[in-house]
Amino acid sequence: MTNVKFGLLSGLIILLLSGTIYASAYARELAIIANKDYPSDSISATTVKDIYLGEKTSERGIKIKPMEQRDEEIKSRFIERVLGSSMDGYKAYWIKKFFQEGVMPPAVKGTPSEVLTVISQTKGAVGYIWIDDVKKDSGVKVLLKIEVGN
């Protein structure tokens, strides 16, 4: 009888933990953010891809300055889900683009708060952070939310 109770309790705990983990992983969203003076209030995923591949460099006369995160988790999800590439493929793309066209890759910032600060202070700056890291009155606006799953 004790083994049955232990088995039921273990199963219940596993079920609760897996449901919690699945729910939190499923809810992850990236926010594509820009300086509050960015000339557009929304952006498509295709345009985000063009910006991060160095194909789109200005918006209504304002030079776009893309920012990246140093954090590997968010960066890999962004590259895989939004750009449709692997980390190695993305690095190879930028090495080739730099040497063939002289185009610089997006600037890399260390933390979400650093990304928020730089984007809020830089005209034309665009970046990505977890939606939970976006703060009201931070000097940025959310152009697009992208669910990146688990």
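Residues are called buried under 20% relative accessible area, exposed over 50% and partly exposed in between, with a 1.4 Å probe and protein chains only. The structure is a predicted model, in which local features need pLDDT of at least 70 and side-chain atom pairs count only at pLDDT 80 or more, while totals for chains, interfaces and linings use all residues. Residues are numbered from 1 along each chain as its sequence is written, and side-chain values use heavy atoms, with hydrogens and water left out.

**View 1. The largest nonpolar core and its most connected members.** The largest nonpolar core (buried Ala, Val, Leu, Ile, Met, Phe, Trp, Tyr and Cys residues joined through side-chain atoms within 4.5 Å) has 25 residues, of which L30, I32, Y38, I43, V48, Y52 and F78 touch the most other members. Two or more residues each come from strand 1 (29-35), helix 2 (45-52), helix 3 (72-82), helix 4 (87-101), strand 6 (125-130) and strand 7 (140-147), where helices (H or I, at least four residues) and strands (E, at least two) are DSSP runs numbered from the N terminus. Helix 3 supplies the largest share of this core, four residues.

**View 2. Surroundings of F78, with a second core.** When neighbours within four places in sequence are left aside, F78 is in contact (heavy atoms within 4.5 Å) with L30, I32, V48, Y52, L83 and Y128. A second core, separate from the largest one and made up of ten residues, includes A31, I33, V118 and I119.

**View 3. Aromatic pairs of helix 4 and an aromatic cluster.** Five aromatic pairs are found in the whole structure, counting rings of Phe, Tyr and Trp (its six-membered ring) with centres within 6.5 Å, and calling planes under 30 degrees apart stacked, over 60 edge-to-face and the rest tilted. Y93 and W94 make an edge-to-face pair, 5.8 Å from centre to centre with 90° between the planes; Y93 is partly exposed at 27% relative accessible area, whereas W94 is buried at 6%. The ring planes of F98 and F99 stand at 80° with their centres 5.0 Å apart, so this pair is also edge-to-face. F98 is partly exposed at 35% relative accessibility, and F99 is exposed at 65%. Y52, F78 and Y128 form one aromatic cluster.

**View 4. R28 over W130, and K145 beside E29.** R28 places its charged end over the ring of W130, 3.7 Å from the ring centre (NZ of Lys or CZ of Arg within 6 Å of the centre and within 35 degrees of the ring normal). K145 belongs to strand 7, and its C-alpha atom is 6.4 Å from that of E29, although the two residues are 116 residues apart along the chain. Beyond its neighbours within four places in sequence, K145 is in contact with E29, L30 and I131.

**View 5. Salt bridges around E55 and E59.** The structure has seven salt bridges, each a side-chain nitrogen of Lys or Arg within 4 Å of a carboxyl oxygen of Asp or Glu. K97 and E55 are joined by one of 2.9 Å, N to O, which links K97 in helix 4 with E55 in the loop between helix 2 and strand 2 (58-59), 42 residues apart. K97 is buried at 5% relative accessible area, whereas E55 is exposed at 52%. E59, itself buried at 15%, pairs with K56 at 3.1 Å, N to O, and K56 is partly exposed at 24%. E59 also forms a salt bridge with R60, whose closest N and O atoms are 4.0 Å apart, and R60 is exposed at 63%. Elsewhere, salt bridges with shared partners join R28, E73 and R77 into one network.
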